Amino acid sequence: MAHATYNFPKGFLWGTATASHQVEGNNTNNNWHYWEEEGHITSGHSCGLACDWWGGRWKEDFDRASEAGQNTHRLSIEWSRIQPTVDRWDEDALDHYRQMLRGLKERGLTPMVTLHHFSDPVWLMFLGGWEYERVVEYFETYVRRVVEALGDYVDCWCTINEPNVYAVMGYVFGDFPPGKRNIGAAFHVMTSLVRGHAAAYHAIKELQPQSRVGMAINYRGMMAARKISPFDILLANNLSRVYNDFFPRAVTDGVLRFFTNSKRVPEAKGTQDFLGLNYYTREYVAFNPFAPGNVFAKNFYDPEAELSPTGFIANEPLGFYEAIKWALQFNKPIIITENGVEDPEDSMRRRYLIQHVHQLWRAVNFNWPIEGYYHWSLVDNFEWERGWTQRFGLWELDPETQTRTKRPSADLYAAIAKQNSLSSEMVAEFAPELIESMFPG
Ligand code: FCB
């Protein structure tokens with residue numbers, strides 16, 4: 001085996017990412033709780049206490065992150081806690097977040113804060129959520145309140161997490177609330193999300209000119225299943241344009257590009273200081289007029305690819321490199337805001353992590369402007385409509401007893417973060433099966 005070390009630039013950010021509804025527990029005033037009560041979660045699972053961060057267990061988890069060499073953490077603020085009803089603000093909730101952010105700083109973890117990560121307050125849900133005509137105004141008011149209260153601790157804001165997933169899952173496939181299957185509604189919501197982001201961007205910049213503001217996009221590589229089929233090629237390109245390109249392009253030039261028409265939203269132009277990239281996997285797309293979801297597509301993974309236990313994610317590290325390359329076109333610093341895999345046994349995760357960090361290093365090595373990497377996630381948490389059936393944590397969680405157990409990947413990631421590099425020794429220790437392909441000789 002050849003000995004080598006892939007170094008990252010000084011000051012590279014290594015962290016983990018979480019979201020309020022998934023980790024805090026007892027979030028009973030949002031649309032996801034309502035969705036759960038309606039019985040939409042796999043196996044009837046309940047979010048319950050989640051990781052009990054609201055009960056104070058953030059302290060021990062932040063200790064874990066900092067002892068494991070991480071220097072940053074991405075968390076989200078729960079809108080329904082800050083504004084429990086349309087006419088009420090909860091100062092105690094803001095103070096709770098203040099303590100958490102202070103807790104991060106005391107442990108040497110720089111916070112990155114997401115203002116909207118899938119969950120909406122119940123009062124907004126009843127008004128129509130992101131279809132409601134005044135949602136942008138409400139979102140901006142909430143954002144101002146948060147930035148005024150927490151701005152002393154945060155200067156890197158992510159306005160909206162994965163607006164593309166929010167729209168597609170909630171309004172095309174119907175697996176997220178509100179469970180609609182209506183492309184027109186999806187486009188309407190996408191428009192509001194762009195407007196909401198733009199309003200938040202301008203408000204944050206007004207309050208905190210030195211801060212940096214972006215959004216996190218879920219990028220999925222979409223490749224034509226049959227390389228010579230014009231239908232597959234056209235479909236893969238069109239889907240990728242709307243799924244992957246829509247939001248970053250909108251916040252670059254202020255133009256919304258739908259399948260067949262476009263619309264200008266001038267206030268969105270130039271509202272991105274960095275591009276947040278969430279990458280998990282890539283897939284093939286085949287034209288199929290009978291496929292559900294109204295987009296004539298059958299999507300599937302490379303039959304050769306290694307799949308996560310529930311088949312949710314295919315291990316496609318090259319797709320990560322391609323995603324980063326795609327992100328370069330927006331000429332902004334890139335932050336990998338999420339990447340990871342569900343794997344309770346932690347056998348695939350070690351490989352997945354090594355192979356993805358390797359591709360990240362390749363990209364960094366070209367001097368592409370990548371500032372950091374957030375692994376999803378620190379501790380197992382509540383996986384939306386999939387409940388507790390998928391485990392993404394570096395630490396395993398038993399939600400009943402709240403016991404945490406470290407997985408080997410936590411040590412691997414700690415070695416990467418502490419040494420700011422990926423070495424052949426780490427690969428030999430944590431995934432020896434990769435040594436020959438990664439370090440031949
Ligand atoms: C992303 C979400 C995140 C988590 C991971 C597995 O799409 O942003 O909350 O569910 O997937």
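# A tour of the predicted chain

With 441 residues, the chain would have a radius of gyration near 22 Å if it were a compact globule; its value is 21 Å, which agrees. Keep in mind that this is a predicted model.

**Whole chain.** Show the C-alpha trace and turn it along its principal axes: the spans are about 65 × 55 × 45 Å. Switch to a cartoon, which should display 15 helices and 15 strands. Now colour by burial: 61% of the 441 residues count as buried. Contacts can be drawn next. Of those between residues at least 6 apart in sequence, 73% join residues at least 24 apart.

**Surface and charges.** Turn on the surface. The chain exposes about 16,800 Å², and carbon and sulfur atoms supply 51% of that area. Then select the charged side chains, 42 positive and 55 negative; the mean positions of the two groups are 5 Å apart.

**Helix α5.** Select residues 91-106. This helix has 16 residues and reaches 22 Å from its first C-alpha to its last, close to the 22 Å expected. Which residues of α5 are buried? They are Ala93, Leu94, His96, Tyr97, Arg98, Met100, Leu101, Gly103 and Leu104. An α-helix has 3.6 residues a turn, so residues three or four places apart point the same way. To see what covers the buried residues of α5, add its surroundings, which include helices α1 (20-23), α3 (53-67), α4 (79-82) and α7 (135-150), as well as strands β3 (72-76) and β4 (110-116).

**Backbone exceptions.** Most residues other than glycine have a negative phi, and most peptide bonds are trans. The next four stops depart from one or the other of these habits.

Start at alanine 50, in the loop between α2 (31-37) and α3. Its phi is near 50 degrees, a positive value in a residue other than glycine. Is alanine 50 buried or exposed? Alanine 50 is buried, with a relative accessible area of 1%.

Move to phenylalanine 118, which sits in the loop between β4 and α6 (122-127). Here phi is near 70 degrees, again positive in a residue other than glycine. Phenylalanine 118 also counts as buried, at 4% relative accessibility.

Next, select proline 177 and proline 178. A cis peptide bond joins them, with omega about 5 degrees. Proline 178 belongs to the loop between α8 (163-171) and α9 (183-207).

Finish at tryptophan 376 and serine 377, whose shared peptide bond is cis, with omega near 15 degrees. Serine 377 lies in the loop between β12 (370-375) and β13 (395-398).

Notes
Residues are numbered from 1 along each chain as its sequence is written. This is a predicted model: local features need pLDDT of at least 70, side-chain atom pairs count only at pLDDT 80 or more; totals for chains, interfaces and linings use all residues. Side-chain values use heavy atoms; hydrogens and water are left out. Helices (H or I, at least four residues) and strands (E, at least two) are DSSP runs, numbered from the N terminus. The radius of gyration is taken over C-alpha atoms; the globule rule is 2.2 Å times the number of residues to the power 0.38. Buried means under 20% relative accessible area, exposed over 50%, partly exposed in between (1.4 Å probe, protein chains only). Contact means heavy atoms within 4.5 Å. Accessible areas come from the Shrake-Rupley method with a 1.4 Å probe; for residues, only the protein chains shown count as cover. Lys and Arg count as positive and Asp and Glu as negative; His and the chain ends are not counted. The place of a charge is taken as NZ of Lys, CZ of Arg, CG of Asp or CD of Glu. The expected span of a helix is 1.5 Å times one less than its number of residues.
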